[in-house]
Amino acid sequence: MTGRKNGSHRINRTFLSWVLQSFLRDNALPFHQRWQGHFPDGCATSSSVRQGDAIALINTLIDPQGNIIDYQLAILRRHLPQATFPDHYSLLQLLSDMLHMTRPDTVPLYRFIRHHLQKTLTRPALSLSTLRQNGFIGQQASEIQHAFITTFNDASPLLPPALQRYTLAAVRHLLSFARFLPLPDPLLAATPLHNLAAQWLNLGAIIAQQLRLKTATAEDLLALSWAAQHDAGLLSLRETGIQQLALLSGNTPAAPPRNEAQDALDFIVLNLRTAAEIQQRLYHCAEASQLLSLQLHDLVYSAMNAEQQDQLRSLAASALLKQRDLLHIALQQLSVSDKLRLSQWQQQGKLDAIWYPANDATHAESKIIGFAFAAENQPKLFLPVAEPLYMPLIFRQLAANADEHQLQALCFGRTAPGNPRWLMMPAVSLNLASPSQDGAPPISDPVDILHTLMEAELASLLARLTGADGEIHFERQKLSLMEWLVRHLFFFDRGGQQDYRFIFGQAQRMASIVEQSHLQHEPSRADAEGIVNPFSQSIRRIMGATTVLPDLVSQLTETTPLYGATAITSLNTNGFTGFWWDPFSQLCYLGWKKGNSRTLYASTPESRDTLYKLADDNAAAEIWPMLARADGLKGELQALLLGTLSNEQFFADALPMAWHLHGALAGASPLPAGAIQHATLSDVWFTREAGMHHYFFSPSGSDSALPVTLETLSTQSYRLHFSPSDGRSMADQGFTLETRPFGIPGQHHWQFIPATSWQLVSAPQADELIRQGLLSPEHYLQWRTESGNPASIRPDAHVLQRSDGCMVFTFHDEHASQTHYRLLDTAGTLQLTTTLPAGWSLLTAKELQFVSRELQTAQRNRLTAITTASALIVPLPFRYPQSSEAQDEWHNINIHLRADGRNFFNEVWQRAQITGPLLTEDELLWLRTDWRATDFYQTEACDSTLKKLAQQQQLLKTMLDMLKQQHDLRALSEELQRWLHQLLHHSQHGAATG
């Protein structure tokens with residue numbers, strides 16, 4: 001991740017050193033202080049990194065079992081906001097860089113691990129199931145750790161344990177796709193790692209992982225990988241996916257300039273060639289069956305002659321041969337042991353061929369959905385052929401007693417859309433005893449035996465058809481022949497219901513792809529932009545730049561970071577103890593206690609679906625006393641877990657309400673003795689004095705009560721209002737609660753309406769105050785009611801600043817010696833906070849003046865963390881089909897101008913007055929989003945991309961102006977102008993996020 005050139009290297013060394021120092025410096029602070037921390041554009045005091053600090057960073061981010069600690073990663077992201085961390089690659093590379101800075105003469109640790117794994121995975125004895133074994137990961141990590149430690153002559157004694165953590169994490173990361181691999185299928189599980197079926201499953205698993213699927217069946221993986229052989233969009237892989245393909249390529253890791261992008265491309269190209277060969281045979285098999293079906297459909301007794309009979313026999317023989325060829329290539333993908341098993345069954349006379357025909361629900365269509373080689377009481381070698389457009393021809397294992405559901409799952413999977421409900425017909429079986437042939441050795445190949453037997457049966461049926469002695473006899477024999485073909489030929493379509501045109505189109509496209517891969521399949525040499533762009537460009541050159549699966553591609557290119565590992569829905573209310581809420585950053589804590597154990601979780605506004613489970617250490621110990629009692633939130637949490645309350649409602653409404661009520665109840669009096677609970681509202685109590693009802697609000701579990709007014713709005717709908725008047729609560733702690741109509745007494749949901757609060761004065765008012773020299777906080781705060789400021793509450797002269805730059809105002813209460821604190825939010829309103837957490841400090845007089853000026857010019861101010869051009873990575877579209885009309889118009893314009901000796905592209909450059917061109921014509925017009933895959937951690941890559949985008953916008957605007965201003969060009973460029981506007985929009989959208 002460090003730059004390759006000296007200047008970039010120095011910049012990144014200094015920056016990485018600063019990240020290390022600042023991260024470790026604050027490591028002992030509670031999570032919210034680290035999360036809220038404001039990191040100025042400071043630099044490290046030294047660009048060097050000590051080995052002990054690098055080790056400490058590894059130990060902080062990775063636990064002893066090699067698991068990435070999610071909340072520590074979340075904090076690290078605050079130091080590196082340009083890093084999106086969609087997976088753990090960036091973190092592992094960063095840690096490797098940190099360690100490498102302590103010993104630049106050694107191989108970077110992450111590269112060392114990757115190369116060791118790649119060498120290991122070239123071993124022929126490894127199978128698909130090996131990748132799923134925990135022991136394999138531990139064994140590899142141990143081997144790598146011992147091999148790497150020998151390169152450190154002066155290693156700290158603390159290094160080996162840290163290496164163990166890191167190596168486990170890195171190996172688990174590089175093999176993370178293996179969790180999708182299908183162990184329940186013994187045939188696939190035992191498949192050698194470099195067998196085609198294994199490679200396709202691995203490719204599908206790598207794509208599934210980048211799509212962040214929770215689960216995927218073997219059928220899903222095969223369908224994904226099969227689609228990726230035809231659609232370049234599904235190969236929109238990030239660094240991790242490219243590295244994983246390189247591991248599986250079978251290549252021995254090579255020294256630079258060769259890199260993992262080239263190994264990954266070798267993996268793709270090899271599979272593309274095999275897939276193309278299968279596709280060609282599939283095409284020829286379907287075509288031959290279709291031609292035979294058409295011939296039989298049109299064949300009538302009265303017109304049948306010798307020429308038609310010969311043609312019929314020729315078409316039938318061709319259909320059998322093409323199916324034989326298809327079965328041959330499918331068998332070639334089996335392991336040696338599986339082929340031997342078939343041979344043994346055949347020699348023992350036990351081998352059967354079984355066809356599985358099916359009718360659709362209307363009985364209007366029938367086809368073969370599967371074929372198997374089987375022996376009695378043995379698992380079958382099963383070949384799904386129902387959906388060749390979506391599922392590759394890979395033999396699967398089918399249990400001897402498999403039911404219809406299992407069979408159809410293998411045939412269709414979950415990814416082939418629009419499958420009707422197929423009704424199984426009786427299976428057709430044929431024993432593959434080797435036929436005797438005079439003077440010739442017995443046939444041993446099961447497919448050849450099958451072909452010979454089918455040839456004999458078909459010859460007999462054809463003889464009876466051609467020898468028919470009348471119309472009725474002929475039609476009976478024709479029907480018999482067609483029924484036999486429907487039950488034996490995979491793609492024989494008697495009713496003309498099947499549409500195999502897409503198979504033909506796929507075959508032509510695959511042939512073109514293979515031709516391109518022979519001509520050019522080496523990626524560009526990796527540069528400061530990393531490996532993603534060179535890999536993507538090579539895939540585009542080979543497979544084209546279009547996709548028919550934009551939704552999946554959009555998910556693949558999404559760079560949403562990894563968040564907390566604990567799903568909030570996995571929790572329960574049992575043991576829920578308390579919560580804490582920060583209205584400014586909207587961070588909250590949720591605490592559980594069970595017996596002597598306690599667990600503290602943090603939730604951040606980035607992702608409310610998941611939580612960060614915090615370590616029970618000294619930093620967490622500071623949080624527990626700050627938690628509000630959970631009684632006022634248990635009902636809402638239960639509703640959230642039951643699905644009757646959304647995450648958004650819980651965190652945006654329920655939790656802020658509970659926190660506000662907690663603050664208001666903190667200084668309230670106890671519930672009066674003898675108070676009676678309201679018949680409908682369980683939180684409301686009342687007393688009777690002199691015939692008057694006095695109401696109190698006291699939520700379940702609270703020892704305090706607030707005097708309130710209660711108003712009945714309608715049948716079982718109420719409004720409750722609290723207005724502080726006894727000096728125990730500040731005026732802005734008031735609130736209104738309203739219920740929605742409900743049917744069951746005691747079950748209601750409060751809608752929270754906060755009271756009027758303090759806010760900043762308007763910008764013109766602030767400007768006038770500054771001119772008058774009035775800088776004290778009380779002049780800049782106003783109470784949002786016509787009655788003016790509450791008499792008992794006054795802002796103090798002291799202003800504090802939190803570590804994240806949030807301004808905190810203090811207030812003095814005449815009725816109590818207690819100091820109150822209010823946070824200034826982004827809307828210029830002061831929010832409640834009940835305590836003064838550590839990390840806040842009083843501002844100096846000069847800082848107070850600065851604050852006052854900020855109030856005038858930036859009332860919605862919040863200091864933000866470091867921002868860089870990495871935000872350019874936005875989910876722009878992949879590469880949808882190019883506008884052929886725009887391309888045609890572009891060529892027409894060039895031909896039109898060339899007659900006058902003009903070059904339009906050169907004229908655009910001259911008019912734009914650009915002296916240092918950075919873009920080619922293709923990059924400007926047709927390859928508009930290549931920059932998305934840039935590794936923006938590289939300073940040089942960031943700068944280069946920003947310059948390219950700026951130049952792109954300048955050229956596009958110039959080109960549009962010229963097309964609009966020149967009458968002859970305007971008439972030729974209607975679609976081209978639309979295309980250029982789209983390019984300009986995407987370019988500006990990307991640059992605006994930088």
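Two strands count as paired here if DSSP finds at least two bridges between them. That rule is handy for what follows, since this is a predicted model with several strand pairings to walk through.

**Strand S1 and its partners**

Let's start with strand S1, which covers residues 352–359. Of its 8 residues, 7 are buried, so the rest of the structure largely encloses S1. Which strands does S1 pair with, and where do the residues meet? The table lays it out.

| Partner of S1 | Residues | Bridges | Sense | Facing residues |
|---|---|---|---|---|
| S2 | 366–374 | 8 bridges | antiparallel | Pro357 and Ile368 |
| S6 | 428–431 | 4 bridges | antiparallel | Ala353 and Leu430 |
| S5 | 423–424 | 2 bridges | antiparallel | Asn359 and Leu423 |

Put in words, Ala353 of S1 sits opposite Leu430 in S6, while Asn359 has Leu423 of S5 across from it. On the S2 side, Pro357 has Ile368 as its bridge partner.

Carry on past S2 and you get to Asn377, in the loop between S2 and strand S3 (380–384). The backbone there is worth a look: Asn377 has a positive phi of about 60° even though it isn't a glycine. Is Asn377 buried or exposed? Its relative accessibility is 66%, so it counts as exposed, given that the cut-off for exposed is over 50%.

**Strand S8 and its hairpin**

Next up is S8, residues 576–581, where 5 of the 6 residues are buried. S8 runs antiparallel to strand S9 (residues 588–594), and 5 bridges join the two. Within that pairing, Trp580 faces Tyr589 of S9. S8 and S9 make a hairpin with 6 residues between them, and Gln586 in the turn shows a positive phi of about 60°.

S8 also pairs with strand S12 (residues 628–629), again in the antiparallel sense, over 2 bridges. In this case Phe579 is matched with Ala628 of S12.

**Helix H10 and what comes after**

Helix H10 takes up residues 196–210, 15 residues in total. From first C-alpha to last it reaches 21 Å, close to the 21 Å expected at 1.5 Å a residue. How many residues of H10 are buried? The count is 15 of the 15, so H10 is largely enclosed by the rest of the structure.

The N-terminal end of H10 is capped by Asn195, which places a side-chain oxygen 2.9 Å from the backbone nitrogen of Ala197. After H10 comes Arg212, with a positive phi. That phi is near 60°, and Arg212 isn't a glycine. Arg212 belongs to the loop between H10 and helix H11 (218–228). With a relative accessible area of 37%, Arg212 is partly exposed, because that value falls between the 20% and 50% cut-offs.

**Two buried polar residues**

Gln323 lies in helix H14 (residues 306–332). Its relative accessibility is 3%, so Gln323 counts as buried; the cut-off is under 20%. What does Gln323 touch, leaving out residues up to four places away in sequence? The contacts are Cys285, Trp355, Met454, His488, Leu489 and Phe490.

Asp493 is placed in the loop between helix H18 (471–486) and helix H19 (501–519). At a relative accessible area of 4%, Asp493 is buried as well. Setting aside neighbours within four places in sequence, Asp493 contacts Gln290, Ser293 and Gln498. Asp493 and Leu291 are 202 residues apart in sequence, yet their C-alpha atoms are 9.7 Å apart in space.

**How far to trust it**

On confidence, the protein has a mean pLDDT of 81, with 82% of its residues at 70 or more. Among its elements, helix H8 (residues 159–174) has the highest mean pLDDT, 96, and strand S27 (residues 841–842) the lowest, 51.

Two stretches deserve a mention. Over residues 855–881 the pLDDT stays under 50, and the model gives this stretch 97 contacts beyond four places in sequence. The pLDDT is also below 50 over residues 931–937, where the model has 39 contacts beyond near neighbours in sequence.

Definitions and conventions:
Residues numbered from 1 in each chain as written. Predicted model: local features only at pLDDT ≥ 70, side-chain atom pairs only at ≥ 80, totals over all residues. Heavy atoms only, no water. Expected span 1.5 Å × (residues − 1). Buried < 20%, exposed > 50% of the residue type's maximum accessible area, 1.4 Å probe, protein only. Polar contact = N/O pair within 3.5 Å; in protein donor to acceptor, adjacent residues only side chain to side chain. pLDDT = per-residue confidence, 0-100. Contact = heavy atoms within 4.5 Å.
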